[in-house]
Amino acid sequence: MIELSTLTYLFMAMTGVVSLVATYLAILESNLIKAVVLSAIQSTTYVILFYLLMAPDIALVYIPVSVGLYPAAVLFLIKKTERTENDSNEVVASED
Amino acid sequence: MVRRMNELNTFLFNILLFSLFFNVGISLYGIFARPSLIKKIIALTIFSDTANVLAIIVGYRGWPSPEQPPIPPVITSTEPTSEDLIRFINRAVDPLPQALVLTAIVIGLAVTLFLIFLTLQVYRLYGTTDVRRVARLRG
């Protein structure tokens with residue numbers, strides 16, 4: 001029989017691992033829109049983590065700021081500028 | 001049996017801590033090594049969020065081997081008696097890191113918006129958001 005505290009720690013570990021995977025994919029993704037969506041997924045796991053760590057007020061502030069407002073601002077920036085991140089050094093070096 | 005459950009709790013909590021520290025490492029790599037300015041902004045927000053979560057964890061009462069389950073730092077009655085206050089002090093998590101993190105989230109939002117419009121201005125002036133191309137410009 002699993003106790004309640006063990007279940008809490010199990011959910012904490014799961015959110016930690018999911019946020020680690022989402023961060024890794026967001027940093028290595030060259031399509032910037034996919035990167036923003038992955039960072040929003042990572043923020044959602046942090047919201048669950050704040051709730052489990054007994055900080056519900058932080059979770060309430062964090063949902064609109066980090067899942068709503070911030071990806072909207074970055075998507076606005078991507079729409080105005082560039083969609084992809086150029087990863088290789090040769091393309092930049094061959095422009096001279 | 002209790003000791004084994006305690007070891008399991010410690011193991012699960014350590015998974016959380018290690019994944020947060022790996023998040024710090026990955027986002028620092030993103031800030032320093034990725035060429036695109038937009039990717040740098042995304043990595044910076046991930047870094048600041050992870051720092052906030054680590055600050056919240058410092059104030060958490062339920063590190064493994066807790067006697068009682070912790071409660072949020074909220075007093076539910078408007079005129080608390082001394083028994084209420086004693087129960088609150090014994091079980092509530094530390095509210096000071098939460099107040100600091102609440103401020104840090106709002107300030108981080110303002111800084112992020114400033115960086116976003118700075119990047120937009122860089123794109124309007126130079127036609128690129130790649131830091132290698134910006135570094136090659138003369139004059």
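1. A residue is called buried here if 20 or more other C-beta atoms lie within 10 Å of its own, with C-beta atoms placed from the backbone. By that criterion, 25% of the 139 residues of chain B count as buried, and in chain A buried residues make up 33% of its 96 residues. Both figures refer to a predicted model, and they should be read with that in mind.

2. On secondary structure, chain A has 4 helices and 0 strands, its elements running α-α-α-α from the N terminus on. The radius of gyration of chain A is 18 Å, well over the 12 Å that the globule rule gives for 96 residues, and chain A is therefore more spread out than a compact globule. Taken along the principal axes, the C-alpha atoms of chain A fill a box of roughly 65 × 25 × 15 Å.

3. Chain B, for its part, has 5 helices and 0 strands, in the order α-α-α-α-α from the N terminus on. Its radius of gyration is 22 Å, whereas a compact globule of 139 residues would have a value near 14 Å. The box filled by the C-alpha atoms of chain B, again along the principal axes, is roughly 70 × 40 × 15 Å.

4. As to contacts within each chain, those with a separation of 6 or more were considered, and in chain A residues 24 or more positions apart account for 53% of them. For chain B, the share of such contacts that comes from residues 24 or more positions apart is 53%.

5. Between the chains, 46 residues of chain A are in contact with 51 residues of chain B. On the side of chain A that touches chain B, α1 (4-28), α2 (32-52) and α3 (56-80) of chain A each supply at least two residues. The residues of that side divide into 30 nonpolar, 11 polar and 5 charged.

6. One residue that merits a separate look is I71(B), which is found in the loop between α2 (37-58) and α3 (82-91) of chain B. Not counting residues up to four places away in sequence, I71(B) touches R91(B) and A92(B) and, in the other chain, M54(A). I71(B) has 16 C-beta neighbours inside 10 Å, and because a residue needs 20 or more to be buried and 12 or fewer to be exposed, I71(B) counts as partly exposed. With respect to T10(B), I71(B) is 61 residues away in sequence, and the C-alpha to C-alpha distance between the two is 20 Å.

Key: Residues are numbered from 1 along each chain as its sequence is written. Chains are lettered from A and ligands numbered from 1 in the order in which they are written. This is a predicted model: local features need pLDDT of at least 70, side-chain atom pairs count only at pLDDT 80 or more; totals for chains, interfaces and linings use all residues. Two residues are in contact if their C-beta atoms, placed from the backbone, lie within 7 Å. Ala, Val, Leu, Ile, Met, Phe, Trp, Tyr, Cys and Pro count as nonpolar, Asp, Glu, Lys and Arg as charged, and the others, Gly among them, as polar. The radius of gyration is taken over C-alpha atoms; the globule rule is 2.2 Å times the number of residues to the power 0.38.
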